[in-house]
Amino acid sequence: MTSAAQILDTALQIAERSGWERLRLFDVAATLNIGLDEIARHYRDKDALVEAWFDRADAALLARARDADLAAMTPAGRLEELMVAWLTALAPHRALTGEMLCYKFEPGHLHLQAQGLMRVSRTVQWWREGAGRTNAYFSRIGEECALSAVYLCTFSHWLRHRREDEAALRAYLRRRLYSLPLACLLRP
């Protein structure tokens, strides 16, 4: 039996050659010598592969959150470390990740765009949880809104600046995390 991870990895490998738009699930099935029914057991459609790819990044963020060194960091430092872990997980298929997002933003894919909003919310929630954020009520709401903006800006920046090194990315992220409105919300 083929695992969900094998299917996703094969799809990513094929899409690196063909592009996300040209990826066909029947090609993934043929490469793995399985039927489409086996893929359907794990993934209801091609977009479910995208969600699984972002789930991997969320899992990397949460794995980094277990590291003991985070406890000694400032709230912004913890958020920085976790966002870098999330992006690092996506780095092996950086350009392809951008293609996946373009696919979601096609005019006929309103249902995928709505799911995309849920994805942003879910990732930001895990980001806050991993950083041990305890705000409540209006403070939490403000922090979630601000962190959603930081997340989207940083992710977009990362996609556009493919040759940028990690130090420059961290500097970009720090500027957003230490901006005045967010810095007020991130007090320990």
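## An all-helix chain and its aromatic cluster

Reading from the N terminus, the elements of the protein go α-α-α-α-α-α-α-α-α-α. That comes to ten helices and zero strands. Keep in mind that this is a predicted model.

How does the overall size work out? The radius of gyration of the protein is 18 Å, close to the 16 Å that the globule rule gives for 188 residues, so the chain is as compact as a globular protein of that length. If you lay the C-alpha trace along its principal axes, it spans about 55 × 35 × 35 Å. Of the 188 residues, 45% count as buried.

On the outside, the protein exposes about 9900 Å², and carbon and sulfur atoms supply 59% of that area. As for charge, there are 25 positive and 23 negative side chains, and the centres of the two sets lie 4 Å apart. The contacts have a long reach along the chain: taking those between residues at least 6 apart in sequence, 70% join residues at least 24 apart.

### The aromatic residues

How many aromatic pairs does a search of the whole structure find? The search turns up six aromatic pairs. Take Phe-54 and Trp-86: their ring centres are 6.1 Å apart and their planes sit at 15°, and planes under 30 degrees apart count as stacked, so this pair is stacked. The pair links distant parts of the chain, with Phe-54 in helix H4 (residues 46-65) and Trp-86 in helix H5 (residues 75-90), 32 residues apart.

Are these two side chains buried or exposed? Phe-54 has 3% relative accessibility, so it counts as buried. Trp-86 has a relative accessible area of 0%, so Trp-86 is buried too.

Phe-54 also pairs with Phe-155. Here the ring centres are again 6.1 Å apart, but the planes are at 85°, so the pair is edge-to-face. This one also joins distant parts of the chain: Phe-54 is in helix H4 and Phe-155 is in helix H8 (residues 137-160), 101 residues apart. Both Phe-54 and Phe-155 are buried.

Put it together and you get one aromatic cluster, formed by Phe-54, Trp-86, Tyr-151, Phe-155 and Trp-158.

### Charged residues around helices H4 and H7

Now for Arg-119, which is found in helix H7 (residues 110-130). Is the residue buried or exposed? At 4% relative accessibility, Arg-119 falls under the 20% cut-off, so it counts as buried. What is Arg-119 in contact with, leaving aside its neighbours within four places in sequence? The answer is Glu-51, Phe-54, Asp-55 and Asp-58. Phe-54 is the residue from the aromatic cluster.

Glu-51 has its place in helix H4. Its relative accessible area is 11%, so Glu-51 is buried. Setting aside neighbours within four places in sequence, Glu-51 is in contact with Lys-104, Arg-119 and Arg-122. To get a feel for distances, Glu-51 and Leu-177 are 126 residues apart along the chain, and their C-alpha atoms are separated by 26 Å.

### Two residues with positive phi

Two residues other than glycine are worth a look for their backbone angle. Asn-33 has a phi near 60°, a positive value. Where is Asn-33 found? Its spot is the loop between helix H2 (25-32) and helix H3 (36-42). Tyr-137 has a phi near 55°, also a positive value, and Tyr-137 lies in helix H8.

As for cover, Asn-33 has 71% relative accessibility, so it counts as exposed. Tyr-137 has 68% relative accessibility, so Tyr-137 counts as exposed as well. Asn-33 and Glu-80 are 47 residues apart in sequence, and from C-alpha to C-alpha they are 42 Å apart in space.

Here are the relative accessibilities for the residues discussed above.

| Residue | Relative accessibility | State |
|---|---|---|
| Trp-86 | 0% | buried |
| Phe-54 | 3% | buried |
| Arg-119 | 4% | buried |
| Glu-51 | 11% | buried |
| Tyr-137 | 68% | exposed |
| Asn-33 | 71% | exposed |

Note on methods
Residues are numbered from 1 along each chain as its sequence is written. This is a predicted model: local features need pLDDT of at least 70, side-chain atom pairs count only at pLDDT 80 or more; totals for chains, interfaces and linings use all residues. Side-chain values use heavy atoms; hydrogens and water are left out. Helices (H or I, at least four residues) and strands (E, at least two) are DSSP runs, numbered from the N terminus. The radius of gyration is taken over C-alpha atoms; the globule rule is 2.2 Å times the number of residues to the power 0.38. Buried means under 20% relative accessible area, exposed over 50%, partly exposed in between (1.4 Å probe, protein chains only). Contact means heavy atoms within 4.5 Å. Accessible areas come from the Shrake-Rupley method with a 1.4 Å probe; for residues, only the protein chains shown count as cover. Lys and Arg count as positive and Asp and Glu as negative; His and the chain ends are not counted. The place of a charge is taken as NZ of Lys, CZ of Arg, CG of Asp or CD of Glu. Rings of Phe, Tyr and Trp (its six-membered ring) pair if their centres lie within 6.5 Å; planes under 30 degrees apart count as stacked, over 60 as edge-to-face and the rest as tilted.
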